[in-house]
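Student: Hey, can we go through this one together? I'd like to get a feel for what's in it.

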Amino acid sequence: MSPEACLLVLIGGFVGGIARLYLSTLVGRRFDEYFPWGTFVVNVSGALIIGIVAALGRNSSGFFADPLFRDFVVVGLLGGYTTVSSFCLQSLYLAFSGEMRRAAFNVVGSSLLCLFAVALGFRLVEWSGSLLG
């Protein structure tokens with residue numbers, strides 16, 4: 001890995017982590033804090049963004065396909081932004097506290113919505129490309 005790629009991942013991870021903290025705190029304060037809505041929203045929005053970025057990289061030979069762009073956005077920014085480890089721990093805590101329905105909803109809901117969001121990101125790029133092309 002090049003020094004440039006390492007620096008871009010470092011910067012992206014920093015920015016993504018700050019964005020995750022801000023959004024998850026904002027959402028958590030506005031909604032029920034007993035369920036991890038902040039993490040839920042971050043993971044689904046991160047899935048949508050990664051779907052868009054991946055589709056742009058696949059359908060392009062320019063900027064979006066550049067490995068350094070991918071390192072910065074996908075590995076750094078979105079790697080720092082999404083919270084899969086927090087999601088797993090919070091789901092486990094819900095289960096340990098006897099909240100099996102909430103734990104199951106978090107696991108199934110997050111998984112399905114994130115998968116849908118990635119697919120939606122791909123489709124949005126394909127749809128916008130057909131409008132522009």
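**A chat about salt bridges and helices**

Tutor: Sure, and keep in mind that this is a predicted model. Let's begin with E126, which counts as partly exposed, at 30% relative accessibility.

Student: OK, which residue does E126 form a salt bridge with at 3.0 Å?

Tutor: That's R58, and the 3.0 Å is the distance between the closest N and O atoms. E126 sits in helix α5 (residues 100–132) and R58 in helix α2, so the pair ties together parts that are 68 residues apart in sequence.

Student: And is R58 buried or exposed?

Tutor: R58 counts as exposed, with 53% relative accessibility.

Student: What else does E126 form a salt bridge with?

Tutor: E126 also pairs with R123, where the closest N and O atoms are 2.7 Å apart. Those two are three residues apart in helix α5, so about one helical turn separates them. R123 is exposed too, with a relative accessible area of 55%.

Student: Why does that spacing matter in a helix?

Tutor: An α-helix has 3.6 residues a turn, so residues three or four places apart point the same way.

Student: Got it. What are R58, R123 and E126 linked in, then?

Tutor: They are linked in a network of salt bridges.

Student: How many salt bridges are there in the whole structure?

Tutor: Four turn up in a search of the whole structure. One of them joins the side chains of E99 and R102, at 3.5 Å from N to O. E99 is partly exposed at 26% relative accessible area, and R102 is partly exposed at 31%.

Student: Let's zoom out. How many helices and strands does the protein chain have?

Tutor: Five helices and zero strands. Reading from the N terminus, the order is α-α-α-α-α. The C-alpha trace spans about 50 × 35 × 25 Å along its principal axes.

Student: What share of the residues is buried?

Tutor: 29% of the 133 residues count as buried. In α2, the buried residues are G38, T39, F40, V42, N43, V44, G46, A47, G51, V53 and A55.

Student: How far apart are the end C-alpha atoms of helix α2?

Tutor: They are 31 Å apart. Helix α2 has 22 residues (37–58), and at 1.5 Å a residue these should span 32 Å, so the two values agree.

Student: New topic: D71. Is D71 buried or exposed?

Tutor: D71 counts as buried, because its relative accessibility is 11% and the cut-off for buried is under 20%. D71 lies in helix α3 (residues 67–81). Leaving aside neighbours within four places in sequence, D71 is in contact with A5, V9 and G76.

Student: And the outside of the chain? Which residues make the nonpolar surface patch?

Tutor: L7, L10, I11, F14, V15 and I18 make a patch of about 600 Å². Take L10 as an example: L10 is in helix α1 (residues 3–30) and is exposed, with a relative accessible area of 59%. For the chain overall, about 8,300 Å² is exposed, and carbon and sulfur atoms supply 72% of that.

Student: Last one: how many disulfides does the structure hold?

Tutor: Zero. Take C88, which is in no disulfide: the nearest cysteine sulfur, that of C114, is 11 Å away. The cut-off for a disulfide is within 2.5 Å, so that distance rules the pair out. C88 counts as partly exposed, at 44% relative accessibility.

Key. Residues numbered from 1 in each chain as written. Predicted model: local features only at pLDDT ≥ 70, side-chain atom pairs only at ≥ 80, totals over all residues. Heavy atoms only, no water. Buried < 20%, exposed > 50% of the residue type's maximum accessible area, 1.4 Å probe, protein only. Patch = residues over 30% accessible without salt bridge, like charges linked within 9 Å, V, L, I, M, F, W, Y side chains within 5 Å. Areas by Shrake-Rupley, 256 points an atom, 1.4 Å probe, with all protein chains shown as cover. Helix = DSSP H or I, 4+ residues; strand = E, 2+ residues; numbered from the N terminus. Expected span 1.5 Å × (residues − 1). Contact = heavy atoms within 4.5 Å.
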